[in-house]
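Student: I have a model open and a handful of labels I'd like to see justified. Can we go through them one at a time?

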Amino acid sequence: EISKKNTLSFLVVIFCLTTHVQFINGNDLVTTAITADQILDHHATTQSPVVKNFNGKVLAYITPWNTKGYEISLKYSVKFDYLSPCWYTVDQTLSITGQHDENLPWLTQLRALSNTPKIVPRISLNFDPKSMKTLFTMNTRINTLVAEMITLCKMKNYDGIVLDTGHLTASIHTMRSEYFSFMGYLSREMRKNNLLVGAVVSPWISRESSNGFNYEDYEKLQPLFDIFSVMTYDFSRSAGPNAPIGWQKNVVLNLISPEKRSEYAANLLLGIPFYGYDWSTTPDAIVGHTYIEHLQLYKPEFTWNSEEHEHFYKYKKDEIEHTVYYPTLKFIQDRLESAKLIGHGISIWEIGQGLDYFYDLL
């Protein structure tokens, strides 16, 4: 009898999930021809989150300033391989700070789940190039900082860390050998302690730019790291797409040489933004709840940018025209399909900013 009940419960869950996938497609929500009313009617409608639909690795960032991310990470935990709360920074004194942002009740809830993702908090190097040079050229400073990272992981029972050096990329390229030496030492020490180690890297914006990482950089670091999160968003400098799909694909191909693709792609996590921008005289970031308020107030008509695979809409406020780019289901699905073809994973910035029905695609 117990077995029959369990089987029936399983079938009900699968039926609901399958029905919802059909429901999304049947209502043409994963489409270029989306409407404001369709989004308003369905954005909060989700079904059982018990199945992971995307086979690649998924890392989700969570920030303390968008606390909905904690709720999403618990509700859809099976969708994520790694969760990276953004609590910690390394300051000018080369010490780890940010312990005041730790969410210990959330960690307890997360670890009580049967399918807990790996917990790999982000540690951001939040200092200027001068401090970076001090760190990279003094072995005692490097040893102390790495030891502090390992101690943090052991004390908090983390699975590892994701080190964010993204904003220092331009400076790093003036001291490449020191950077690779530091990253190699970090990797060896973390792995000695059975800890995962990830890196956040900046992509090139154009082929004329030499600041971003290329495949030579990636091939040096790939054997040393478990996760590479690439910040493929914030592309436009004026009203335009946030994460053009052509650029994103080229970033991946620029990082992985063709002969290494089958070997190296799985650990590369392409950044997908779950936020957008409201462009007028100046750009303002827009997150899920603000986006829904826009749709309720302005009922805008969407335009699909067929080259970059992003939706946008326009509205007027105080006689000033605004252009808004924010992810839709079609935006996300196209990037997931591209990831499947190439074989890489994704990283999401960040899950407190998205809409609930996004997670049915993952």
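Tutor: Sure. Let's start at one pair: P273 stands opposite W349 in β16. Keep in mind that this is a predicted model.

Student: What makes β10 and β16 paired strands, and in which sense do they run?

Tutor: Two strands count as a pair if there are at least two bridges between them. β10 and β16 (residues 345-349) have five bridges, in the parallel sense, so by that cut-off they are paired.

Student: And how many bridges link β9 and β10?

Tutor: Three, again in the parallel sense. One position to look at is V230, whose bridge partner in β10 is L270.

Student: Why is β10 called mostly covered?

Tutor: Buried means under 20% relative accessible area, and six of the six residues of β10 are buried. Check both faces: L268, L270 and I272 are buried on one side, and L269, G271 and P273 are buried on the other. That fits the general rule that side chains in a regular strand alternate between the two faces of the sheet.

Student: What is the strand order in the sheet that holds β10?

Tutor: The order is β4-β3-β6-β7-β8-β9-β10-β16-β1-β2-β5, an open sheet of 11 strands with mixed pairing.

Student: Why do β4 and β5 count as edges?

Tutor: β4 (96-97) and β5 (118-119) each have a single partner strand, so one side of each is left without a neighbour in the sheet.

Student: Which helix packs on that sheet, touching β9 and β10?

Tutor: That's α10, which touches β9 (227-230) and β10 (268-273), and its direction makes about 160° with that of β10.

Student: How do you know that N254 is buried?

Tutor: N254 sits in α10 (residues 245-255). Its relative accessible area is 18%, and the cut-off for buried is under 20%, so N254 counts as buried. For a spatial partner, try Y215: the two are 39 residues apart in sequence, but their C-alpha atoms are 5.8 Å apart.

Student: What makes β3 and β6 a parallel pair?

Tutor: Three bridges join β3 (residues 88-90) to β6 (residues 122-125), and the two strands run parallel. With at least two needed, they pair. Within this pair, Y88 has I123 as its bridge partner in β6.

Student: There's another sheet. How are its strands ordered and paired?

Tutor: This one is open too, with five strands in the order β12-β11-β15-β14-β13 and antiparallel pairing. Its edges are β12 (283-286) and β13 (302-305): each has a single partner strand, so one side of each lacks a neighbour in the sheet. Ignoring direction, neighbouring strands here are turned by 25° against each other on average.

Student: How do you know that β11 and β15 pair?

Tutor: Three bridges join β11 (residues 276-279) to β15 (residues 320-325), and the strands run antiparallel. The cut-off is at least two bridges, so they qualify. Look at Y277, which stands opposite Y325 in β15.

Student: Which helix lies across this sheet's strands?

Tutor: α12 (residues 288-298), which lies across β11, β12, β13, β14 (310-317) and β15 and runs at about 60° to β14.

Student: Why is α13 called largely enclosed?

Tutor: Because 10 of its 14 residues are buried, the helix is largely enclosed by the rest of the structure. Among the buried ones are L329, F331, R335 and I342.

Student: And how does the span of α13 compare with the expected one?

Tutor: α13 (residues 329-342) reaches 20 Å from first to last C-alpha, close to the 20 Å expected at 1.5 Å a residue. After the helix comes G343, with a positive phi near 100°.

Student: How many disulfides are there?

Tutor: Zero: a disulfide would need a pair of cysteine sulfur atoms within 2.5 Å. As for individual cysteines, C86 is buried at 4% relative accessibility, and C153 is buried at 1%.

Student: Last one: what is the average pLDDT of the chain?

Tutor: The average is 88, and 88% of the residues score at least 70. Over residues 1-22, though, the pLDDT is below 50, and that stretch has 11 contacts beyond near neighbours in sequence. Where pLDDT is low, predicted coordinates should not be read in detail.

Definitions and conventions:
Residues are numbered from 1 along each chain as its sequence is written. This is a predicted model: local features need pLDDT of at least 70, side-chain atom pairs count only at pLDDT 80 or more; totals for chains, interfaces and linings use all residues. Side-chain values use heavy atoms; hydrogens and water are left out. Helices (H or I, at least four residues) and strands (E, at least two) are DSSP runs, numbered from the N terminus. The expected span of a helix is 1.5 Å times one less than its number of residues. Buried means under 20% relative accessible area, exposed over 50%, partly exposed in between (1.4 Å probe, protein chains only). pLDDT is the predictor's confidence in each residue, from 0 to 100. Contact means heavy atoms within 4.5 Å. Axes are lines fitted to C-alpha atoms, for helices over the stretch in contact, and angles run from 0 to 180 degrees between N-to-C directions.
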